[in-house]
Amino acid sequence: MTRRSLIIEPQDTVAVLLEDAFKGDSIEGPGGTITLLDDIEFAHKAALVDHGAREPVIKYGHEIGYALDAIKRGTWIHNHNMGCDRGR
């Protein structure tokens, strides 16, 4: 099933889910259809591109953190696999 998601800027590397989604569902990204590799709750992020370790995560046109390890396109991105040095 195709789920609704939000992408604000062309450089965004994540989409924000506008509804709960499940592994195997899809979203539409700039490069076409992306199959989700995880269950992703409403308002959480899905990777639009593959991220290498330490590569920036871009949401709404701004860097919000970096991948702790490699993250595949379609993966749920949250505190378990994204780091952030803001406020340190």
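The exercises below work through a predicted model of a single chain.

**Exercise 1. Secondary structure**

Task: State how many helices and strands the chain has, and give their pattern along the sequence.

Solution: Begin with the counts: the chain has zero helices and nine strands. Then read along the sequence, which gives the pattern β-β-β-β-β-β-β-β-β.

**Exercise 2. Overall dimensions**

Task: Compare the radius of gyration of the chain with the value for a compact globule.

Solution: Take the length, 88 residues; a compact globule of that length would have a radius of gyration near 12 Å. The value for the chain is 12 Å, so the two agree. For the extent along the principal axes, the C-alpha atoms fill a box of roughly 40 × 25 × 20 Å.

**Exercise 3. Surface and charge**

Task: Describe the burial, the exposed area and the charged side chains of the chain.

Solution: Start with burial: 39% of the 88 residues count as buried. Next comes the surface, where the chain exposes about 5100 Å² and carbon and sulfur atoms supply 51% of that area. Last come the charges: there are 10 positive and 14 negative side chains, and the centres of these two sets are 2 Å apart.

**Exercise 4. Nonpolar cores**

Task: List the residues of the largest nonpolar core and follow the contacts of I27.

Solution: The largest nonpolar core consists of nine residues, namely A15, L17, A21, I27, I34, L36, I40, A46 and L48. Leaving out residues up to four places away in sequence, I27 touches several of these members, including A15, L17, I34, L36, A46 and L48. I27 also touches R3, S5, G32 and T33. Another core lies apart from the largest one; it has eight residues, among them V14, V57, A67 and I77.

**Exercise 5. Two loop residues**

Task: Locate D12 and H44, decide whether each is buried or exposed, and list their contacts beyond four places in sequence.

Solution for D12: D12 sits in the loop between β1 (5-6) and β2 (14-17). Its relative accessibility is 5%, and buried means under 20%, so D12 counts as buried. Outside its sequence neighbours within four places, D12 contacts I7, L48, I58, K59, Y60 and G61. As a distance check, D12 and A46 are 34 residues apart along the chain, and their C-alpha atoms are separated by 11 Å.

Solution for H44: H44 is placed in the loop between β4 (32-35) and β5 (45-47). At 18% relative accessibility, H44 is also under the 20% limit and therefore counts as buried. Not counting residues up to four places away, H44 touches A15, V16, L17, W76 and H78.

Methods
Residues are numbered from 1 along each chain as its sequence is written. This is a predicted model: local features need pLDDT of at least 70, side-chain atom pairs count only at pLDDT 80 or more; totals for chains, interfaces and linings use all residues. Side-chain values use heavy atoms; hydrogens and water are left out. The radius of gyration is taken over C-alpha atoms; the globule rule is 2.2 Å times the number of residues to the power 0.38. Buried means under 20% relative accessible area, exposed over 50%, partly exposed in between (1.4 Å probe, protein chains only). Accessible areas come from the Shrake-Rupley method with a 1.4 Å probe; for residues, only the protein chains shown count as cover. Lys and Arg count as positive and Asp and Glu as negative; His and the chain ends are not counted. The place of a charge is taken as NZ of Lys, CZ of Arg, CG of Asp or CD of Glu. A nonpolar core is a set of buried Ala, Val, Leu, Ile, Met, Phe, Trp, Tyr and Cys residues joined through side-chain atoms within 4.5 Å. Contact means heavy atoms within 4.5 Å.
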